[in-house]
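Please open the model in a viewer and keep the sequence panel visible. The tour below proceeds by selection, and each stop says what to look for.

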Amino acid sequence: MSSRLRAFARLVTAVTVVMVYVALQLAVSAGMDLRAAVRFHGAPARATAFTAALDRYAGGDASARAEIADDAAWFAKHAPSGGSRSTVSAAAADAEQGRVDSARRRVAGLAEQVAREQAGLDRRLNSSGATALSWAAPAAALLLPTLWLRRRRRSGAAEVVDLVSRFAARQPRWRRPVFLVASGVGTTFFTVGTLAVSMAQRQGYKMPPEVMVLSLVGGLLALGAGVLILRYTRPRSARGAAQALLADGRQPVLFLRSFADDDTAAQVEDVAPVNIHSREEQLAAALGAVGPVIAVGRPGEPLPLLGAARFYLPLDDWQPTVLRLMELSQLIVLRLGSGESLWWEVEQARTTQPARKLVLLVPSGLPGLAERLDEHLSTPSRLAGVALRDAWISAVITFDSEWTPQVHPVEPVTGTARGPLTRAWSRAKRASWAMTPYTPVLLMARTLQAALASVGIRRRRMAWRAALAAQMSLWKGFGLVTVLALLLWLAYRMLQLLGLA
């Protein structure tokens with residue numbers, strides 16, 4: 001599925017979800033209007049009976065008093081607020097206190113009042129029904145193309161999904177949904193705690209001391225609970241490679257690295273206000289602008305590391321699958337290291353794949369790396385002569401059509417830089433309440449975006465995606481709370497319709 005078609009599919013899906021939700025709300029409102037009109041259907045007969053009961057009570061029939069109270073209770077339960085309900089209630093109160101003549105004067109125009117209210121309820125029902133229908137019809141019409149686009153999106157990566165599915169770890173069906181729910185609880189605690197602590201820090205001088213202390217202590221407790229829950233649940237609710245490919249529909253980005261690098265990739269950088277997302281998660285988020293990121297998992301690991309979606313290959317027969325995945329992937333991103341298997345992958349990518357597909361990530365602190373890389377390239381990279389920063393990723397190497405390497409060092413953003421990306425990033429930082437700093441991973445994502453653009457792969461949102469990934473749990477919390485509030489409101493309205501609330 002092309003990027004434009006995928007963006008269109010996402011737009012259609014989002015519009016359909018919104019329209020279905022609005023249509024449900026309007027349908028519930030129309031149902032409540034129908035329920036009110038049906039409940040008030042017997043009002044003319046009740047009005048006549050109430051007036052006759054007042055006349056009999058005025059003539060000395062004491063038994064009519066019970067009928068007056070019964071009819072008043074009916075109007076209090078079934079009539080709209082105000083109008084006939086108020087009239088009947090006031091008349092019943094007058095009759096109870098012996099002011100029968102006053103009660104009879106109040107209900108002199110009760111029949112006309114009831115007729116006006118019935119007409120008003122009918123008009124409201126017609127209006128709400130027409131409005132609900134005007135939303136339900138296009139929402140229903142959009143369901144078919146939404147489902148078709150979803151199927152089309154899934155079919156775009158059918159071959160690679162079939163290949164990866166052969167190596168997917170078997171899990172009980174309940175496992176991921178259960179841990180997703182638990183992760184949602186942790187995300188909510190994390191978001192509420194972060195907001196409470198931030199508010200106590202920034203607005204504490206405006207609060208009473210006890211409120212400030214309560215916000216700070218409660219926020220820290222909620223934040224700690226959220227972090228603990230998320231650390232336990234997120235790896236257990238992570239998508240496998242096949243699930244990630246099905247959900248996205250694009251050809252994947254194949255992330256290759258030495259298994260010895262996993263511990264370094266799993267480290268979390270300090271990002272304000274609170275970051276629980278690893279380097280690899282931020283890298284995978286940046287590369288997600290190209291396609292879903294998949295990686296071979298380390299054999300024997302009890303839980304997958306977060307970042308690239310994992311699948312697991314047998315130790316004795318993994319090369320054919322990796323070669324086939326190289327062919328099926330949009331991009332091959334390989335972090336250089338010291339493992340022999342890794343250099344075999346470098347050689348295979350260079351000899352079997354188009355040059356623009358291969359992207360090398362260069363770490364710092366590995367002696368002899370430049371020399372060994374040049375052994376596998378037809379044109380020397382001259383990496384040894386490039387000044388590199390001490391970072392997890394210190395440079396990005398891409399190749400032109402002739403396999404000439406282009407080294408892009410990961411450099412800090414200076415105050416004199418005036419490129420469009422730098423200006424956009426600065427505006428984003430000023431607009432962000434968290435003021436996300438230029439961490440090494442974010443600088444790497446910025447360099448990666450420029451490096452891919454140099455070989456014709458233009459993705460403008462890579463640096464943004466890496467920045468958002470550092471605070472993804474926070475934004476997920478905002479979204480979760482919003483969606484939960486909308487669903488609770490819809491449930492409450494349905495309970496109202498059923499007369500249970």
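Helices in this tour are DSSP runs of at least four residues, numbered from the N terminus. Please bear in mind that the model is predicted.

**Stop 1: helix 9**

Select residues 209-237, which form helix 9, and find L214 within this helix. Is L214 buried or exposed? L214 counts as exposed because its relative accessibility is 64%, and the cut-off for that class is over 50%. Now add A196 to the selection: A196 and L214 are 18 residues apart in sequence, and their C-alpha atoms are 9.2 Å apart in space.

Look next at helix 9 from end to end. The helix has 29 residues, and the distance from its first C-alpha to its last is 40 Å, close to the 42 Å expected at 1.5 Å a residue. Where is the kink in helix 9 centred? The kink, of about 30°, is centred on L230.

L230 is also one of the buried residues of helix 9, which include S215, G219, A222, L223, G226 and V227 as well. An α-helix has 3.6 residues a turn, so residues three or four places apart point the same way. Show helix 8 (175-203), helix 12 (279-287) and helix 19 (472-497) to see part of what covers the buried residues of helix 9.

Towards the end of the selection, display the side chains of Y232 and R236. The charged end of R236 sits over the ring of Y232, at 3.8 Å from the ring centre. R236 is itself among the buried residues of helix 9.

**Stop 2: from T233 to D316**

Keep T233, another buried residue of helix 9, and add D316. The two residues are 83 apart in sequence, and the distance between their C-alpha atoms is 32 Å. D316 belongs to the loop between strand 3 (309-311) and helix 13. With a relative accessibility of 70%, D316 counts as exposed.

**Stop 3: helix 14 and the loop after it**

Select residues 340-352, which are helix 14. This helix has 13 residues and reaches 18 Å from its first C-alpha to its last, close to the 18 Å expected. Colour its buried residues: L342, W343, E345, V346, Q348 and A349. They pack against strand 1 (253-256), helix 13 (319-328), strand 4 (331-335), strand 5 and helix 15 (369-375).

Move on to Q353, in the loop between helix 14 and strand 5 (358-362). Is Q353 buried or exposed? Q353 counts as buried because its relative accessibility is 9%. Its side chain makes a polar contact with the side chain of T352, at 3.2 Å. Leaving aside residues up to four places away in sequence, Q353 touches M326, E327, I332, Q348 and W403.

**Stop 4: two residues with positive phi**

Follow the contact from Q353 to W403. W403 lies in the loop between strand 6 and strand 7 (405-409). Its phi is near 65°, a positive value in a residue other than glycine. At 14% relative accessibility, W403 counts as buried.

Then select R382, in the loop between helix 15 and strand 6 (395-399). R382 is not a glycine, yet its phi is positive, at about 60°. R382 is exposed, with a relative accessible area of 63%.

**Stop 5: aromatic rings**

How many aromatic pairs does the count come to? The count comes to 7 aromatic pairs. One of them is formed by W74 and F75, whose rings are edge-to-face, with 5.2 Å from centre to centre and 80° between the planes. W74 counts as buried at 13% relative accessibility, and F75 counts as buried at 0%. Add F40 to the view: ring pairs link F40, W74 and F75 into a cluster.

**Stop 6: R85**

Finally, select R85 in helix 4 (residues 83-96). R85 touches F75, A76, A79 and P80, not counting residues up to four places away in sequence. What lies 2.6 Å from a polar atom of the R85 side chain? It is the backbone oxygen of A79. R85 is partly exposed, with a relative accessible area of 26%. To end the tour, zoom out and add R310: R85 and R310 are 225 residues apart along the chain, and 66 Å separates their C-alpha atoms.

Terms used: Residues are numbered from 1 along each chain as its sequence is written. Side-chain values use heavy atoms; hydrogens and water are left out. Buried means under 20% relative accessible area, exposed over 50%, partly exposed in between (1.4 Å probe, protein chains only). A polar contact is a pair of N or O atoms within 3.5 Å; within protein, one must be able to donate a hydrogen and the other to accept it, and residues adjacent in sequence count only if both atoms are side-chain atoms. Contact means heavy atoms within 4.5 Å. The expected span of a helix is 1.5 Å times one less than its number of residues. The bend at a residue is the angle between axes fitted to the seven residues ending there and the seven starting there. Rings of Phe, Tyr and Trp (its six-membered ring) pair if their centres lie within 6.5 Å; planes under 30 degrees apart count as stacked, over 60 as edge-to-face and the rest as tilted. A charge sits over a ring if NZ of Lys or CZ of Arg is within 6 Å of the ring centre and within 35 degrees of the ring normal.
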